[in-house]
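User: Hey, I'm new to this one. Can you walk me through it?
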Amino acid sequence: MQDNENKRLHLQMIEDTITRMGSNSFLIKGWSLTSIGGLITLYVANVSKPWSRNLIWVGIVACVIFWISDAYYLKLEKQYRLLYDIVRKKDNNEIDFSMQPPKGNEPLTYCMLSPIFFSYTVILIIFVFIILLAYIP
């Protein structure tokens, strides 16, 4: 009975890590919208000043940084899902509570170009450009 408990606890530890990766991704999306919204608001309030156009470029760079961060957490989540599958298939006496995920065989760019991340970021960048064009002094 103890061996079954060890396997269950190990799987629960991995599930908690996967949940944390999903939460991190959600927080990154929230921070990206908040920071981009703040930069756009600051830009619109100071559109006549010469430095205001730089805020749009900062916003675009911030979009890309958030995009990379979000894709990184997706890649980690996929690696921990692989670890979960490996542990699930192990015999009860092989449980060692290792939290080292196997290396995924897909690059970070593959995660970045997944439909949800790609569309979210592209829509955000297009929106920033529209704001830039709409408020040309």
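User: Is tryptophan 57 buried, exposed or partly exposed?

Analyst: Tryptophan 57 is partly exposed, since its relative accessible area is 46%. Buried means under 20% relative accessible area, exposed over 50%, and partly exposed in between (1.4 Å probe, protein chains only). Keep in mind that this is a predicted model: local features need pLDDT of at least 70, side-chain atom pairs count only at pLDDT 80 or more, and totals for chains, interfaces and linings use all residues. Residues are numbered from 1 along each chain as its sequence is written, and side-chain values use heavy atoms, with hydrogens and water left out.

User: Cool. How many aromatic pairs does the structure hold?

Analyst: There are 3 aromatic pairs. Rings of Phe, Tyr and Trp (its six-membered ring) pair if their centres lie within 6.5 Å; planes under 30 degrees apart count as stacked, over 60 as edge-to-face and the rest as tilted. One of the pairs is tryptophan 57 with phenylalanine 129, edge-to-face at 5.8 Å centre to centre with 75° between the planes.

User: And where do those two sit in the chain?

Analyst: Tryptophan 57 is in helix H2 and phenylalanine 129 in helix H4 (residues 115-134), so this pair links distant parts of the chain, 72 residues apart. Helices here are DSSP runs (H or I, at least four residues), numbered from the N terminus. Phenylalanine 129 is partly exposed too, at 32% relative accessible area.

User: What about tryptophan 67 and phenylalanine 118, how are their rings arranged?

Analyst: Their ring centres are 6.0 Å apart and the planes meet at 50°, so that pair is tilted. Again distant parts of the chain are linked: tryptophan 67 belongs to helix H2 and phenylalanine 118 to helix H4, 51 residues apart. Tryptophan 67 counts as buried at 14% relative accessibility, while phenylalanine 118 is partly exposed at 37%.

User: Switching topic: what lies over the face of tyrosine 120?

Analyst: That's lysine 29, at 5.9 Å from the ring centre. For a charge to sit over a ring, NZ of Lys or CZ of Arg must be within 6 Å of the ring centre and within 35 degrees of the ring normal.

User: Last one: what's the phi of phenylalanine 97?

Analyst: Phenylalanine 97 has a positive phi of about 60° although it is not a glycine. Most residues other than glycine have a negative phi. Phenylalanine 97 lies in the loop between helix H2 (52-89) and helix H3 (108-112), and is partly exposed at 31% relative accessibility.
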